[in-house]
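Got the model open in your viewer? Here is a walk through it, stop by stop, with what to select at each one.

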Amino acid sequence: MQNNDSQKVVLRFFEAIYRLKTDKVIRGKKTFTEKYGINRWNFNTLEKAPERDIFQAAWLTYLVRDFGVSSRWLLTGEGEFYAK
């Protein structure tokens, strides 16, 4: 089971996915999961139950490296959403 701080990171991860969709950077969850070979069943399960131990830290890397999401924001919730 994820601790409270870990769950907050998972929730921000999903917030980032929806923000990228709103900003028309990605089409949606399916686009993201297919691009990175992520099991969509696990992805959707985690979204509904962030306390589950199925989150992969590499998923954060994809947001930072490929979409310019701020690592500081993802990990702490502080600062701007997009990296400068």
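Start by selecting Arg40, which counts as partly exposed at 39% relative accessibility. Buried would need under 20% and exposed over 50%, so Arg40 falls in between. Keep in mind as you click around that this is a predicted model. Arg40 sits in helix H3. Leaving out residues up to four places away in sequence, Arg40 touches Lys30 and Thr33. For a sense of scale, draw a line from the C-alpha of Arg40 to that of Gln2: the two are 38 residues apart along the chain and separated by 20 Å.

**Next, all of H3**

Select residues 40-48, which make up H3. Which residues of H3 are buried? They are Phe43, Thr45 and Leu46. Look down the axis of H3 and these buried residues fall within an arc of 165 degrees, so they line one face of the helix. Turn to the other side of H3 and you find Trp41 and Lys48, both exposed. Now bring back the surroundings: what covers the buried residues of H3 includes H1, H2 and H4.

**Over to H2**

Show residues 29-36, which are H2, together with H3. The axes of H2 and H3 come within 10 Å and cross at roughly 130 degrees. That angle makes H2 oblique to H3, and the crossing is right-handed. To see who makes the contact, pick Lys29, Lys30, Phe32 and Thr33 on the H2 side, and Arg40, Phe43, Asn44 and Glu47 on the H3 side. So you meet Arg40 from the opening stop again here. Color this contact by residue class and you get two nonpolar, two polar and four charged residues.

Stay on H2 and hide H3 for a moment. Phe32, Thr33 and Tyr36 are the ones to highlight, as they are buried. Around the axis they cover an arc of only 90 degrees, which puts them on the same side of H2. Spin to the other side and Glu34 and Lys35 are exposed. Unhide the rest, and you'll see that the cover over the buried residues of H2 includes H1, H3 and H4. Just past the end of the helix, click Gly37: Gly37 follows H2 and has a positive phi, near 65 degrees.

**H2 against H4**

Add residues 58-67, helix H4, to the view. How do the axes of H2 and H4 cross? They come within 12 Å of each other and cross at roughly 100 degrees, and the two helices are therefore roughly perpendicular. Select Phe32, Lys35 and Tyr36 of H2, then Trp59, Tyr62, Leu63, Arg65, Asp66 and Phe67 of H4, to light up the contact. By class, this contact has six nonpolar residues, no polar ones and three charged ones. Phe32 is worth a second click: Phe32 takes part in the contact with H3 and in the contact with H4.

**H4 on its own**

Isolate H4 and color Trp59, Leu60, Tyr62, Leu63 and Phe67, its buried residues. Their arc around the axis is only 155 degrees, which puts them on the same side of H4. What do the buried residues of H4 pack against? Show H1, H2, H3 and H5 (71-76) to find out: those are the partners. At the end of the helix, select Gly68, which follows H4 and has a positive phi, near 70 degrees.

**Last stop: the loop between H1 and H2**

Go back along the chain to the loop that joins H1 (4-22) and H2, and pick Arg27. Is Arg27 buried or exposed? With a relative accessible area of 76%, Arg27 is exposed. Draw one more line, from the C-alpha of Arg27 to that of Ile54: they are 27 residues apart along the chain and separated by 23 Å.

In that loop you can also select Lys24. Lys24 is exposed too, with a relative accessible area of 74%. Check its backbone: phi of Lys24 is near 60 degrees, a positive value in a residue other than glycine. For context, most residues other than glycine have a negative phi.

Definitions and conventions:
Residues numbered from 1 in each chain as written. Predicted model: local features only at pLDDT ≥ 70, side-chain atom pairs only at ≥ 80, totals over all residues. Heavy atoms only, no water. Axes fitted to C-alpha atoms, helices over the stretch in contact; angles between N-to-C directions. Helix = DSSP H or I, 4+ residues; strand = E, 2+ residues; numbered from the N terminus. Parallel < 35°, antiparallel > 145°, perpendicular 65-115°, else oblique. Contact = heavy atoms within 4.5 Å. Nonpolar A, V, L, I, M, F, W, Y, C, P; charged D, E, K, R; others polar. Buried < 20%, exposed > 50% of the residue type's maximum accessible area, 1.4 Å probe, protein only. Arc of directions from axis to C-beta. Left-handed = near helix turned anticlockwise from the far one by under 90°.
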